[in-house]
Structures are given as C-alpha cells and as structure tokens.
Amino acid sequence: MNSELMALVTTSVMIGFLGSTHCIAMCGGIASALNLQSSRGPSCGSLSPQPRVHVMTNQTLYAIGRIASYCLAGCLVGALGQTLLQTAGTWALPFARALTGIMMIFIGLYLTQWWPLLVHLERLGASGWRRISTRLSPMLPADRWYKALAVGALWGWLPCGLVYST
C-alpha cells in the first residue's frame with residue numbers, strides 16, 4: 001500500500017474513532033427516538049413490544065440510507081474538487097493539500113471542543129436541512145422497510161460539522 005493511501009486510511013480511521021462519541025450522542029438519540037416512534041401501537045400511543053429483528057432491521061436500514069447519503073455527498077464534493085484541480089492545473093495541488101491539512105486541524109479542535117469553528121458549517125447546512133426535513137414527516141413512523149431506508153437517507157443530510165468537514 002502506498003504512503004498516500006495509508007495516510008488516507010489512517011486519517012479516516014482516526015476521525016471515525018475520535019468522532020464516535022459525538023456520533024453516539026447525536027445520532028444515538030435520533031435512532032432511539034425513531035425506534036420508539038415505530039414501536040407505538042395503533043391505540044392510545046402506548047408502546048408495544050417489538051421483535052428484536054424489527055428493531056435491528058430498522059437500524060440497519062437507517063444506517064444504509066445514511067451511509068448512501070454520505071457517499072453521494074462525498075462523490076459530489078470529490079467531483080467538484082477534481083474539476084477545480086483539472087481546471088486550475090497541477091500548481092493548485094499543494095494548496096489543496098494545505099487546505100486538507102488545515103481542515104484536519106479544525107476537525108481536531110472541533111472534536112476536542114477547544115475551538116468550535118465548524119459549528120458555522122452546521123449553520124450553513126441548516127437552511128438546506130429545513131427544506132429536506134419537510135420530506136421526512138410523511139415517512140414517519142418508519143413502519144415499512146422503504147420508509148426506514150428513506151428516513152436514513154434524509155437523516156444523512158442533517159447538519160453536522162464533523163460530516164461536512166470530513
């Protein structure tokens with residue numbers, strides 16, 4: 001494995017490992033709320049027990065939808081970056097690498113809560129989320145497999161400085 005690929009893999013694993021507590025706090029609550037909503041019985045809003053397979057299936061579908069959204073966003077940003085680099089020429093490559101390094105520092109400062117600069121990225125994404133979230137209501141409760149998948153795909157666009165910066 002060449003050194004650039006190894007650095008990319010190492011950086012990705014470290015972001016995932018160090019960001020996991022942030023993700024558990026943010027997405028864990030959302031996942032729990034979605035499961036509670038999909039397990040409500042038709043009468044009186046009381047909770048009815050759900051088979052574990054139903055809960056695990058929904059969680060898996062939410063994750064697949066979210067990951068698909070992240071992949072789509074990554075492809076779009078990657079295509080934009082590639083287009084910019086091809087347009088600008090090879091002289092822009094050192095600047096792109098420097099920008100990547102700066103973003104890594106910002107991610108570290110964000111995760112340690114020493115300097116929450118990336119919160120501003122989340123605020124930029126909030127306007128887009130308001131438009132996307134209106135499509136979420138018809139999918140709730142996620143009582144069918146395709147609804148759970150769609151909820152996960154929409155959930156992937158929830159403003160998150162960690163996701164946006166990565």
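The following exchange goes through the fold, the surface, the salt bridges and the cysteines of a predicted model.

Biologist: What conventions apply to the values and the numbering here?
Modeller: Residues are numbered from 1 along each chain as its sequence is written, and side-chain values use heavy atoms, with hydrogens and water left out. Because the model is predicted, local features need pLDDT of at least 70 and side-chain atom pairs count only at pLDDT 80 or more, whereas totals for chains, interfaces and linings use all residues.

Biologist: How many helices and how many strands does the protein have?
Modeller: Helices (H or I, at least four residues) and strands (E, at least two) are taken as DSSP runs and numbered from the N terminus. From the N terminus on, the elements run α-α-α-α-α-α, and the C-alpha atoms fill a box of roughly 65 × 35 × 30 Å along the principal axes. The count is therefore six helices and zero strands.

Biologist: How far apart are the end C-alpha atoms of helix α2?
Modeller: Helix α2 covers residues 52-88, which is 37 residues, and the expected span of a helix is 1.5 Å times one less than its number of residues. That rule gives 54 Å for α2, and the distance in the model agrees with it, at 53 Å.

Biologist: Is Arg66 of helix α2 buried or exposed?
Modeller: Buried means under 20% relative accessible area, exposed over 50%, and partly exposed in between, with a 1.4 Å probe and protein chains only. Arg66 touches Cys27, Gly152, Ala153, Trp155 and Gly156, leaving aside residues up to four places away in sequence, where contact means heavy atoms within 4.5 Å. With a relative accessibility of 18%, Arg66 counts as buried.

Biologist: Which residues form a nonpolar patch on the surface?
Modeller: A patch is made of residues with over 30% relative accessible area and no salt bridge, like charges being joined within 9 Å and nonpolar side chains (Val, Leu, Ile, Met, Phe, Trp, Tyr) within 5 Å. One member, Val13, lies in helix α1 (residues 3-38) and counts as exposed because its relative accessibility is 52%. Together the members have about 350 Å² of accessible area, from the Shrake-Rupley method with a 1.4 Å probe and, for residues, only the protein chains shown as cover. They are Leu5, Leu8, Val9 and Val13.

Biologist: Which residue forms a salt bridge with Arg97?
Modeller: A salt bridge is a side-chain nitrogen of Lys or Arg within 4 Å of a carboxyl oxygen of Asp or Glu, and for Arg97 the closest N and O atoms of the pair are 3.5 Å apart. Arg97 lies in helix α3 (residues 93-111) and its partner in helix α1, so the pair ties together parts that are 93 residues apart in sequence. Both residues are exposed, and the partner is Glu4.

Biologist: How far apart are the closest N and O atoms of Asp143 and Lys147?
Modeller: The structure holds two salt bridges, and Asp143 with Lys147 is one of them. Asp143 counts as partly exposed at 35% relative accessibility, whereas Lys147 is buried at 17%. The closest N and O atoms of this pair are 3.3 Å apart.

Biologist: How many disulfides does the structure hold?
Modeller: A disulfide is a pair of cysteine sulfur atoms within 2.5 Å. The sulfur of Cys27 is 5.8 Å from its closest cysteine sulfur, in Cys23, which is too far for a bond, and the sulfur of Cys71 is likewise too far from its closest one, in Cys75, at 6.6 Å. The number of disulfides is zero.
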